[in-house]
Amino acid sequence: MEAHGRDFLNSPPTKTVRFGGSVAETLKKYGQGDRCDYELLKHQLADPDIKDAQIINWLQEFRSCMTQLTKDHEQLIYTLLRLPWVGRSQAVVEEYMAFLGNLVSAQTVYLCACLKMVVSHFTPKRVTIHEGGVDISDSDDENENLTNNFDQCHQALQLIIRYVPSTSRFLVPILQENFPFIQKSSRTLECYVHNLLRVTMYIPSVRRDVLELIVGKLLKLDVSASRTDIMEAEERAAQNQEAEEHLEEGLFDMDEDMSADQPSKMSVMTDPVAERLDTLMAVFLAYIRDVCHVDGLFHVERTKELYRDLLSVFDKLILPTHASSHVQYTIFYLCSFRLALAEAFLDHVWRILQNPSQPAILRQAAAGYLGSFLARAKFVPVLTVRACLDLLLSWIHRYIDSQDSSGRQVCCDISLHGPFYAACQAVFYTIIFRHRAILEANMKKGLEYLQSLNLERVVLCQLNPLKVCLPSVTSMFAAITRKYQVVFCYTIIERNNRQVLPVVRSSAGGDGVGTNTNPLDSFFPFDPYLLKRAQRKTRMTSCVGRRRTLRVSWE
């Protein structure tokens, strides 16, 4: 028998059906010890097939009895916070926003739970893909509504902040706890980092903590993918591709689709760790660019504020990290916008180098940053390079004076003189890369300037810096200074080569004597940038930039 023309037996029930009493009645019964309707309510809210109309009806009822939802109802609240509201109809989203606002203002005990719920949506949801009889869990990268979903999450977070201004105090630990494991997919990491940076645009008080969190994760990736590993992986990939192309040659013509795929293949890093790092650096560099420019115009105050925050993170995390290859380019890129920023950074690392109260290992690292920045940053003019060389050489000569007047036997002891040797190496390295710029405007005046530095005294002093500096730096410096007859180093280099370098204590710790070719544990932080995306999209001088793959506004 049919009722109103509807096939009752073969049609699924509509989702307007609900069981149990109203929310207010259910909560009242629960308070009296009757849990039956309460458990039924939780079960209906947890239905994965719940319809929009049901969600709206439930939320309206809950909003009408918000003051009754105490700590005793936390399991019910957690069920509500798991409702699938993101990406639903606008009516559901608006109703859920209203519910969140009522909840955090009436029951602040649930503030952290609400924040955790919102942050949990900062990455694509997990989906199960069936491949070859195996269920594989992966992020839903193909969701066309991902951008809109993230917008809704940020609207919810901004709403919570309006109701609870102290939200930022509780938010940072939650952002830290929810950061995906660094071995997750590039897309998952990219979405989370992008959303973290977006939060800083409307909660500026958390920016320094967020930058610190992101840089810490980036450094873990950076030190896991050494320059050597990346270059070897790219070289192998290039050889394999060349071999494949040679094999295919003459067999068939590449069709248009395959040709179109080539640029995207070439933009992917072969090393999987480098690929994740590349993706995240692209997002970070795009963020720096967009913070510092408003409608395409450079914004001085916003840039100054970002510089201060990033410099704080540099001091805390980047400077003490040995042999990172790419993360430091965040500060390099920022400094490339204005000479004043570059000079401020140079002054900052210079102060660390000359400060005897700083640990020697940090002073040596600061010298490495100073020399590498001067050598590689083409946006730093010759006048600034000369001013920095003057400061370095003045300090070096004073150091030599203090050793000569001490009355003690001076020996090649890195544990005692590490910052001195690092400063000397910074000078040598800078001259190697910038001597042409110093000489090209006026050869005569340029040579007079180099001679005024009194490099001969540095090379010939008893501390013997040529013995400690990297052999590659020493040999290039010697070749250049001989060419222009500024100083002759080869006699000393040959004498040093006949002797075993006595490393009393290396900066890494421990005693030893041997022929260590890098006793200073030197590295040059602004050696060429190897990651591909930044090279193609973001303009940097002497470094490179990256595209922002997640096309979402930061605001």
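Here is a quick tour of confidence, cysteines and one buried arginine in this predicted model.

## How far to trust it

Let's start with confidence. The chain averages a pLDDT of 86, with 82% of its residues at 70 or more.

Two stretches sit under 50 all the way along: residues 252-263 and residues 543-553. In the model, residues 252-263 have four contacts beyond four places in sequence. For residues 543-553, the count of such contacts is 51.

## Cysteines without partners

How many disulfides does a search of the whole structure find? The answer is zero.

Take Cys 411. Its closest cysteine sulfur belongs to Cys 412 and lies 7.5 Å away, which is too far for a bond, because a disulfide needs the two sulfur atoms within 2.5 Å. Cys 411 is partly exposed, at 38% relative accessibility.

Cys 469 isn't in a disulfide either: the nearest cysteine sulfur, in Cys 424, is 6.2 Å off. Is Cys 469 buried or exposed? With a relative accessible area of 3%, Cys 469 counts as buried.

## A buried arginine

Now for Arg 227, which is part of helix 11, spanning residues 227-248. Arg 227 is buried but makes no salt bridge. Which side chain of opposite charge is nearest to Arg 227? That's Asp 527, at 4.6 Å. A salt bridge calls for a distance within 4 Å, so this pair doesn't qualify.

Asp 527 still turns up among the residues that Arg 227 touches, alongside Ser 325, Pro 528 and Leu 530, once residues up to four places away in sequence are left out.

Key:
Residues are numbered from 1 along each chain as its sequence is written. This is a predicted model: local features need pLDDT of at least 70, side-chain atom pairs count only at pLDDT 80 or more; totals for chains, interfaces and linings use all residues. Side-chain values use heavy atoms; hydrogens and water are left out. Buried means under 20% relative accessible area, exposed over 50%, partly exposed in between (1.4 Å probe, protein chains only). Helices (H or I, at least four residues) and strands (E, at least two) are DSSP runs, numbered from the N terminus. Lys and Arg count as positive and Asp and Glu as negative; His and the chain ends are not counted. Contact means heavy atoms within 4.5 Å. pLDDT is the predictor's confidence in each residue, from 0 to 100.
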